Amino acid sequence: MKVLLPLLFLLQVVWCFQFPFTIPDIFSSSSHQHSHYSKLDPKDLPIDFAQYKDDVVIRLSYANDPSLKQFLTKPDIQFIKWGKSNSQQTVDIQIKEEELVKLIEKFPSLEYRTIIEDLGQRVYETFPLQEQQILSQDNDFHVQSELFFKEYHDLTTIESWLNLLQSTYPDVVKIEEIGQTFEHRKLNVVHFSTPNDDVKHKDKKTIVITGGVHAREWISVSSTLYLIYQLIKLYSTWPNSKILTQLDFLFIPVINPDGYEYTWTNDRLWRKNRQETPIPKCFGIDIDHSYGYHWTKSSDWACGEEYSGEFPFEAFESRLWDEYLNNTNKDHSIYGYIDLHSYSQEILYPYAYSCNQQPRDEENLIELAWGIAKSIRMKSGTNYNVLPACIDKDSDLLPDLGSGSGLDYMYHNRAFWAYQFKLRDTGGHGFLLPAKYIEPVGDEIATAILYFCKFILSDER
């Protein structure tokens with residue numbers, strides 16, 4: 001393998017300037033704070049980082065080779081897809097070095113660039129430097145929260161923070177368990193509702209915000225929690241705000257608790273939930289392929305990352321969410337739905353299952369989406385692209401890639417406005433965005449949600 005590495009390096013040099021790329025922020029990352037995982041006692045590490053030892057993450061360009069794009073959709077490929085850009089016609093993949101050599105042999109004119117070389121170390125650097133400290137209800141909530149958003153946190157610490165939040169603000173925050181997952185973890189929703197004598201509760205418009213559908217997308221979980229905290233700060237300073245008095249908020253910070261916990265104990269890059277499948281030792285259903293609107297059985301096999309299950313709502317989490325909506329929200333207006341993911345910096349609007357099906361109010365969806373993107377750009381200078389979810393999902397290439405999504409289900413059945421946000425970045429870090437970005441990303445998404453709320457509350461709506 002060492003003989004082949006110079007060849008790989010030379011090929012990278014040849015192609016490194018062939019297509020746009022966001023350079024990783026290596027000089028300001030947290031790498032100076034972490035030792036290399038290989039120098040530490042494995043017993044002191046949260047997971048086995050050596051499992052990523054021979055993996056790299058590369059960005060391929062398929063702009064000049066349509067057959068490569070077709071090849072990348074095959075269910076039996078020996079690599080893991082991370083993200084893609086349809087406008088740049090690139091795709092990011094996690095691949096073993098020996099498989100990369102085979103890929104180059106199969107496509108001799110392959111254009112690619114390495115994004116992440118030492119994948120195990122980059123994974124290690126997303127974990128907190130110190131052991132998790134369970135939050136104490138005896139301490140000040142705001143003081144603890146300022147520290148809370150300096151790192152990513154496991155499920156236990158998140159639940160402790162939410163319990164502290166509820167005990168500190170019992171008049172506006174309520175945590176409700178809506179069921180249990182395959183591994184018997186609680187699936188919790190967080191209600192945020194400000195009392196208003198002038199507006200009956202059932203007449204308020206509800207905004208639903210979810211995170212953590214795909215377990216490895218930690219920034220989506222932290223951003224959902226950060227949004228809750230920003231609402232608390234708004235309530236503390238301006239309780240009569242129109243946003244608070246006329247809207248209710250329902251958050252699901254970790255809609256995939258089994259998968260999320262697995263990323264903290266076994267595989268940081270796990271994507272699906274953790275329920276059993278027909279194939280022994282193949283676990284997990286992609287929750288975002290499990291909803292019962294235009295559901296199609298995926299061509300991916302049960303061990304694959306986009307496995308849809310064998311029937312609609314087979315994933316515990318999608319079924320529990322559907323049952324909850326049917327049983328408790330029949331008379332309550334869900335006006336907006338925003339599903340947070342990573343990465344790519346995109347705002348996606350329905351539909352995901354087909355580019356041939358126009359949403360009922362496409363012009364309004366696009367107008368609001370570009371307004372949200374502008375609000376983010378004005379806040380932080382970060383650019384978010386706007387496009388229909390079907391293009392992002394490549395449903396034009398393979399229809400089942402866009403089927404059964406939560407976005408389509410909520411838009412068709414429940415919500416007037418529905419979007420999926422893909423948060424930072426554009427590939428330099430991918431799913432391994434360093435913790436120092438938690439607050440900057442949270443701030444720009446809080447700005448986006450503020451714009452969203454003002455828009456739907458405007459007199460013209």
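Here is a quick tour of this structure, from a sheet to the cores and a few well-covered pieces. Keep in mind that the model is predicted.

**A four-stranded sheet**

Let's start with the open sheet, where four strands line up in the order β2-β3-β1-β4, with antiparallel pairing. Its edges are β2 (79-85) and β4 (111-116), each of which pairs on one side only. Going from one strand to the next, the twist averages 30°. Look at β2 and you'll find it paired with β3 (residues 90-96) in the antiparallel sense, over six bridges. One spot to click on there is G83, whose bridge partner in β3 is D92. Helix α3 (residues 97-106) packs on this sheet, touching β1 (55-61), β3 and β4. The direction of α3 makes about 130° with that of β3.

**Strand β7 and its partners**

Now move on to β7 (residues 205-210), which is mostly covered, with five of its six residues buried. Strands of a sheet pair through backbone hydrogen bonds, and the pairing can be parallel or antiparallel. Here are the pairings of β7, along with that of β2 from above:

| Strand pair | Sense | Bridges |
|---|---|---|
| β2 and β3 | antiparallel | six bridges |
| β7 and β8 | parallel | six bridges |
| β7 and β9 | parallel | six bridges |

For landmarks, T210 has I252 in β8 as its bridge partner, while K205 stands opposite S333 in β9.

**The cores**

Which residues touch the most other members of the largest nonpolar core? They are W321, Y419, F421, I445 and F452, in a core of 120 residues. Apart from it there is another core, made of 18 residues, including Y62, F71, V91 and I95.

Y419 is a good one to zoom in on. Leaving aside neighbours within four places in sequence, its contacts include Y337, I338 and D339, then I347, L348 and Y349, and also L407 and F452.

W321 takes us to helix α10, where it is buried, along with E317, S318, L320, D322, Y324 and L325. How far apart are the end C-alpha atoms of α10? They are 18 Å apart, and this agrees with expectation because 13 residues (316-328) at 1.5 Å a residue should span 18 Å.

**A covered helix**

Helix α13 (residues 406-413) is mostly covered too: six of its eight residues are buried. Those six are G406, L407, D408, Y409, M410 and Y411. What covers the buried residues of α13? The list includes the helices α10, α11 and α12 (389-393), plus the strands β9 (333-342), β10 (346-349) and β12 (417-423).

**A threonine in a loop**

Last stop: T382, which sits in the loop between α11 (362-380) and β11 (385-388). Is T382 buried or exposed? Its relative accessible area is 10%, and buried means under 20%, so T382 counts as buried.

The side chain of T382 has polar company. One polar contact, of 3.5 Å, joins it to the side chain of R424, and another, of 3.1 Å, goes to the side chain of E444. Not counting residues up to four places away in sequence, T382 touches Q345, I376, R377, R424 and E444. So R424 and E444 are on the list of residues T382 touches, and each of them also makes a polar contact with the T382 side chain.

Definitions and conventions
Residues numbered from 1 in each chain as written. Predicted model: local features only at pLDDT ≥ 70, side-chain atom pairs only at ≥ 80, totals over all residues. Heavy atoms only, no water. Helix = DSSP H or I, 4+ residues; strand = E, 2+ residues; numbered from the N terminus. Expected span 1.5 Å × (residues − 1). Buried < 20%, exposed > 50% of the residue type's maximum accessible area, 1.4 Å probe, protein only. Core = buried A, V, L, I, M, F, W, Y, C linked by side-chain atoms within 4.5 Å. Contact = heavy atoms within 4.5 Å. Polar contact = N/O pair within 3.5 Å; in protein donor to acceptor, adjacent residues only side chain to side chain. Pairing = 2+ DSSP bridges. Axes fitted to C-alpha atoms, helices over the stretch in contact; angles between N-to-C directions.
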